[in-house]
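The following paragraphs lead the reader through one protein structure, from its overall form to its sheet and its charged side chains. Please keep the sequence and the model in view while reading.

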Amino acid sequence: MVEGQANLRLTDLPPGAQGTIVRVKIGKLVNSRLVSLGFTPGVQVQMMRNYGYGPLIVIVRGTQVALGRGEASKIEVQK
């Protein structure tokens, strides 16, 4: 992490923006699902669709994944 740079929630990334996953703060069951989809610290993600409501679509490890806003809000990223 770059000093002085605040982490964002995945839901805060605008379409087209990229970020690096810093932390996933969610329960074990959902965390296991997200890890199996490739959402692990240090991985780059790119926001494809984020309308500010409803699910969002991100590219992680070359695959498009749809996430609910609740799940996505628990994923911390750094631009």
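Among contacts between residues at least 6 apart in sequence, what percentage join residues at least 24 apart? In this predicted model, the share is 58%. The paragraphs below begin with the overall dimensions and then turn to individual elements.

The radius of gyration of the protein is 11 Å, close to the 12 Å that the globule rule gives for 79 residues, so the protein is as compact as a globular protein of that length. Along the principal axes, the C-alpha trace spans about 30 × 25 × 20 Å. Of the 79 residues, 32% are buried. The surface that the protein exposes comes to about 4600 Å², and carbon and sulfur atoms supply 54% of that area.

The secondary structure consists of two helices and six strands. Read from the N terminus, the elements follow the order β-β-α-β-β-β-α-β. The six strands form an open sheet with antiparallel pairing, in the order β1-β6-β2-β3-β4-β5. Its edge strands are β1, residues 8-9, and β5, residues 63-67, each of which pairs on one side only. As a general matter, strands of a sheet pair through backbone hydrogen bonds, in either a parallel or an antiparallel manner.

Within this sheet, β3 (residues 44-49) and β4 (residues 56-60) run antiparallel and are joined by four bridges. R49 stands opposite I57 of β4. Helix α1, which covers residues 28-36, packs on the sheet and touches β2 (18-24), β5 and β6 (75-78). The direction of α1 makes about 160° with that of β5.

The charged side chains add another set of links. In general, side chains of opposite charge can pair when their charged atoms come close. How many salt bridges does a search of the whole structure find? The search finds four.

One of these salt bridges is formed by R9 and D12, whose closest N and O atoms are 3.3 Å apart. R9 is partly exposed, with a relative accessible area of 42%, and D12 is likewise partly exposed, at 38%.

A salt bridge also forms between the side chains of E76 and K25, with an N to O distance of 3.0 Å. E76 lies in strand β6 and K25 in the loop between β2 and α1, so this pair ties together parts that are 51 residues apart in sequence. Are E76 and K25 buried or partly exposed? E76 is buried, with a relative accessible area of 11%, whereas K25 counts as partly exposed at 46% relative accessibility.

The salt bridge between E71 and R33 has its closest N and O atoms 2.8 Å apart. Because E71 lies in helix α2 (residues 69-72) and R33 in helix α1, this pair ties together parts that are 38 residues apart in sequence. R33 counts as partly exposed, at 36% relative accessibility. Elsewhere, R23, K25 and E76 are joined into one network by salt bridges that share partners.

Taken together, the sheet carries helix α1 packed on it, the salt bridge of E71 and R33 ties helix α2 to helix α1, and that of E76 and K25 ties strand β6 to the loop between β2 and α1.

How values were computed:
Residues numbered from 1 in each chain as written. Predicted model: local features only at pLDDT ≥ 70, side-chain atom pairs only at ≥ 80, totals over all residues. Heavy atoms only, no water. Pairing = 2+ DSSP bridges. Contact = heavy atoms within 4.5 Å. Axes fitted to C-alpha atoms, helices over the stretch in contact; angles between N-to-C directions. Buried < 20%, exposed > 50% of the residue type's maximum accessible area, 1.4 Å probe, protein only. Rg over C-alpha atoms; globule rule 2.2 N^0.38 Å. Areas by Shrake-Rupley, 256 points an atom, 1.4 Å probe, with all protein chains shown as cover.
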